[in-house]
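Hi everyone, thanks for making time. I'd like to walk you through a structure that's new to most of us, so let's get it up on the screen.

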Amino acid sequence: MINVTKTFLPPQAEYQAVLKQAWDTGWMTNRGVLVKELEGKLQTYLGTSNIIAMTNGTLPLQIAIKALGLQGEIITTPFSYVATTSSIVWEGCTPVFVDIHPDYLTIDETKIEAAITNKTTAILATHVFGNPCNIEAIDNIAEKYNLKVIYDAAHCFGVTYKGQSIFNYGDVSTCSFHATKLFHTGEGGALFCKPKYFETMFAHHNFGHDGPEAFKGLGINAKMSEPQAAMGLAVLPYMTKIISSRKQAVKKYKNVLIANGLQYLKVREGADWNYSYFPVIFDTEEKLLIVKYRLESQGVYPRRYFYPSLNQLPYLVNQKMSISESISKRILCLPLFFGMDDELLSKIIYGVIE
Ligand SMILES: *Cc1c(COP(=O)(O)O)cnc(C)c1O
């Protein structure tokens, strides 16, 4: 069975060799040597600073909203994973959707201003499939209306924009290291922020502790554990290979599928993309379903990312988002992972264009 992705697993002995350090110290969590080593290596690899490793990619979003003191309305995208919206609702704020750009699939920056009210406190946008939002435009709007900017950069491991890590943009950026993501720690994630927010973000992810016997304020437990960090340290040395293998697969997909008139993600100018997903957009949902069932009958399981459009979540008052709803119905992510061979790629490609 071929799924939309396949978790990259390093040789087991390499994972165990890293994990042995945790055994030697007898330390399984509470920011042991492995979490600190992983944070250091990630900062070097990514070209970032102010990283906090966390236990998944959802808590950083919730912590960002909480620690920035956001209330009222948060402008967001309907085309993302549910965690983007659920985090806003979980923190007691109201998501106000702004439709997406039909080619880039990120929030349409030209429609943001019209959605701002006197209750708006922030913009929470997703660099969907690793494709950067229009960062300059969003920054300008945020400055004009005094809004905070959070980027859900869950898909963005290794993406750079205008020569620097995408995680350096916004007041806060978050990433997911879930097993289905490009770089992973099984479950895991990280928060990146402007230096002035580091202390408060850090305290929030560790119960609000200010040393062992004092508290700065409210917090939660979002700490990454040592076994999670060990997985990250064992996977990290393979990232260059993983990305270049995916790049080859994307090249093959693109050559044939684009020649057959299928729409593909338009990567923003200035971005060095990470080949994290391969979405194709059909002209009708009917065609998508035919392709999906045909591939499934051959043991290949693509996924409908992202479907449904998040404005249609059952716990929200529906706000109509025509472009996101239309694309959600017609977009399918094809399998993409390290080490796909030509035979598999051909089988998928011909399953789609037949
Ligand atoms: C995966 C994902 C998340 C959540 O990350 P977890 O590590 O699974 O909690 C958030 N936002 C987006 C866009 C995602 O794809």
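Let me start with a small one: which residue in strand 10 is the bridge partner of Ile51? It's Phe192. Before I go on, keep in mind that this is a predicted model.

So where does that pair sit? Strand 2 and strand 10, the latter covering residues 189-193, run antiparallel to each other and share four bridges. They belong to an open sheet of seven strands, and if you read across it, the order is 2-10-9-6-5-3-4, with mixed pairing. At the edges you have strand 2 (51-54) and strand 4 (94-97), each pairing on one side only. From one strand to the next, the twist averages 25 degrees.

Now look for helix 5, residues 135-145, which packs on that sheet. It touches strand 5 (120-126) and strand 6 (148-152), and the helix direction makes about 150 degrees with that of strand 6.

Okay, on to the pockets. The largest pocket has a volume of about 570 Å³. How many residues line the largest pocket? There are 35, and the ones nearest its centre are Tyr81, Val82, Lys181, Tyr305 and Phe306. Two elements give two or more residues to that lining, helix 4 (82-90) and strand 15 (331-334). Helix 4 gives the most, with three residues.

By class, the lining splits into 17 nonpolar, 13 polar and five charged residues. And both domains take part: domain 1 (2-237) and domain 2 (238-353) each supply at least three lining residues.

That's my tour, so over to you.

Notes. Residues are numbered from 1 along each chain as its sequence is written. This is a predicted model: local features need pLDDT of at least 70, side-chain atom pairs count only at pLDDT 80 or more; totals for chains, interfaces and linings use all residues. Side-chain values use heavy atoms; hydrogens and water are left out. On a 1 Å grid over the protein atoms alone, a cavity is a set of points where a 1.4 Å probe fits but cannot get out, and a pocket is an open set with protein on both sides within 12 Å along at least five of seven lines; lining residues have an atom within 4 Å of a point. Grid points are joined across faces, edges and corners, and a volume is the space filled by probe spheres set on the points. Ala, Val, Leu, Ile, Met, Phe, Trp, Tyr, Cys and Pro count as nonpolar, Asp, Glu, Lys and Arg as charged, and the others, Gly among them, as polar. Domain bounds come from an automatic or database domain assignment. Two strands pair if DSSP finds at least two bridges between them. Axes are lines fitted to C-alpha atoms, for helices over the stretch in contact, and angles run from 0 to 180 degrees between N-to-C directions. Contact means heavy atoms within 4.5 Å.
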